[in-house]
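User: Please take a close look at the sheets of this model and what packs around them. Keep it brisk, and work outward from there.

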Amino acid sequence: MSADTAVDLTDGVLTLTIATAGAGTSMNFDLVNAGTAALRAAGDEVGAVLLTGSGANFCAGGNVRDFAAAEDRSAYLAELAGELHEFVRALEAVELPVVAAVQGWAAGAGMSLVCAADIAIGGPSTKLRPAYPGIGLSPDGGMSWSLPRIVGKSRAAEILLTDAVIDAEEAVRLGILSRLVADADVLAEATTVARSFVAGPRSTYAAMKRLLAVSSTSTLDAQLDRERDGIAAAAGTPAGREGVNAFIEKRKPDYTTVN
């Protein structure tokens with residue numbers, strides 16, 4: 001995959017590049033929009049999504065020079081945020097595991113996309129920062145929704161209001177990053193994790209994501225009902241039948257026949 005390729009589908013993993021080395025690894029909206037289209041068109045050949053940048057950083061946020069040059073800054077930012085939010089909505093709607101390979105900096109909207117991932121792999125040099133107060137802007141990309149659900153309301157407020165720089169170890173402790181590997185191994189490890197989902201039970205992953213999406217605002221009583229209904233429905237799916245049958249037959253389940 002070349003540095004400027006927005007979309008790549010290999011071995012069932014849909015890799016979406018959101019930033020390149022150009023413009024200081026700021027978010028490239030041609031790539032983002034291509035990613036949105038790819039997510040909306042994704043069929044059974046896609047088993048997982050991998051988000052990555054192709055430069056030194058995952059994504060350094062929006063291109064502030066472009067913000068400054070816009071004739072109508074408000075209209076320009078509304079357009080960009082709208083495009084980014086369609087990408088985030090498409091990530092949510094696809095109901096596939098989303099893995100982020102977070103090398104270097106993830107700032108601004110780049111940090112928002114890390115928070116939107118199900119699993120985020122970083123390295124010792126990975127750093128995250130909201131970056132909005134420094135340019136007098138408020139968050140986009142869903143950060144005000146996702147960050148409190150990851151770290152809690154009080155800590156999210158502190159991070160956003162103080163424009164905190166979060167190093168790799170702290171990001172893992174807070175749950176923003178899932179784990180760390182060597183800096184040189186971030187992309188390879190994230191790719192391996194994404195590929196591990198391709199042959200797994202996709203209907204199960206989708207059901208898990210739906211449950212997790214509503215858990216923070218659900219009562220225990222309502223969530224128990226959802227879990228009951230979900231596991232009962234799963235038992236009748238091809239993946240559920242294959243998983244149970246494989247367990248009884250003492251063999252590894254083959255979900256590729258039912259996905």
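Analyst:
**The six-stranded sheet and its surroundings**

An open sheet of 6 strands runs in the order E1-E2-E3-E4-E6-E9, with mixed pairing. E1 and strand E9 (179-180) stand at its edges; each has a single partner strand, so one side of each is left without a neighbour in the sheet. This is a predicted model. Strands of a sheet pair through backbone hydrogen bonds, and the sense is either parallel or antiparallel.

Start at the E1 edge. Strand E1 (residues 7-10) and strand E2 (residues 13-19) run antiparallel and are joined by 4 bridges. Leu-9 has Leu-14 in E2 as its bridge partner. The hairpin of E1 and E2 has 2 residues between the strands. Asp-11 lies in that loop. Its phi is positive, about 55°, although Asp-11 is not a glycine. Most residues other than glycine have a negative phi. Asp-11 also counts as exposed, because its relative accessibility is 53% and the cut-off for exposed is over 50%.

Glu-95 is a second case of this kind. Phi of Glu-95 is near 55°, again a positive value in a residue other than glycine. Glu-95 sits in the loop between helix H3 (73-94) and strand E4 (98-102). With a relative accessible area of 26%, Glu-95 is partly exposed.

Now the other edge. Strand E6 (residues 119-122) pairs with E9 in the parallel sense, over 2 bridges. Ile-121 has Arg-179 in E9 as its bridge partner. Helix H8 (residues 186-198) lies across E1, E2, strand E3 (48-53), E4, E6 and E9. H8 runs at about 170° to E4. That angle is over 145°, so H8 and E4 count as roughly antiparallel.

**The three-stranded sheet**

Another open sheet has 3 strands in the order E5-E7-E8, and its pairing is mixed. Strand E5 (105-107) and strand E8 (166-167) stand at the edges, each with a single partner strand, so each has one side without a neighbour in the sheet. E5 pairs with strand E7 (residues 127-129) in the parallel sense over 3 bridges. The bridge partner of Trp-105 in E7 is Lys-127.

Helix H4 (residues 109-116) lies across E5, E7 and E8. H4 runs at about 100° to E5. The range for roughly perpendicular is 65 to 115 degrees, so H4 and E5 fall in that class. H4 is largely enclosed by the rest of the structure, because 7 of its 8 residues are buried. The buried residues are Ala-109, Gly-110, Met-111, Ser-112, Leu-113, Val-114 and Cys-115.

**Aromatic pairs**

The count of aromatic pairs comes to 2. In one of them, the ring centres of Phe-67 and Tyr-76 are 6.4 Å apart and the planes stand at 65°, so the pair is edge-to-face. Phe-67 is buried, with a relative accessible area of 12%. Tyr-76 is partly exposed, at 24%. Phe-197 and Tyr-205 also form an edge-to-face pair, 5.2 Å centre to centre with 85° between the planes. Phe-197 and Tyr-205 are both buried.

This pair links two helices already on the map or about to be. Phe-197 falls within the range of H8 (residues 186-198). Tyr-205 falls within the range of helix H9 (residues 202-215).

**Helices H9 and H10**

H9 packs against helix H10 (residues 220-235) at an angle of about 175°, with the axes 11 Å apart. H9 and H10 are therefore roughly antiparallel to each other. In the contact, Leu-211, Val-214 and Ser-215 of H9 meet Gln-223, Arg-226 and Glu-227 of H10. By class, this contact has 2 nonpolar, 2 polar and 2 charged residues.

**After H11**

Arg-251 is found in the segment after helix H11 (238-248). At 36% relative accessibility, Arg-251 counts as partly exposed. Leaving aside residues up to four places away in sequence, Arg-251 touches Glu-242, Asn-245 and Ala-246.

Conventions
Residues are numbered from 1 along each chain as its sequence is written. This is a predicted model: local features need pLDDT of at least 70, side-chain atom pairs count only at pLDDT 80 or more; totals for chains, interfaces and linings use all residues. Side-chain values use heavy atoms; hydrogens and water are left out. Rings of Phe, Tyr and Trp (its six-membered ring) pair if their centres lie within 6.5 Å; planes under 30 degrees apart count as stacked, over 60 as edge-to-face and the rest as tilted. Buried means under 20% relative accessible area, exposed over 50%, partly exposed in between (1.4 Å probe, protein chains only). Two strands pair if DSSP finds at least two bridges between them. Axes are lines fitted to C-alpha atoms, for helices over the stretch in contact, and angles run from 0 to 180 degrees between N-to-C directions. Angles under 35 degrees count as roughly parallel, over 145 as roughly antiparallel, 65 to 115 as roughly perpendicular and the rest as oblique. Contact means heavy atoms within 4.5 Å. Ala, Val, Leu, Ile, Met, Phe, Trp, Tyr, Cys and Pro count as nonpolar, Asp, Glu, Lys and Arg as charged, and the others, Gly among them, as polar.
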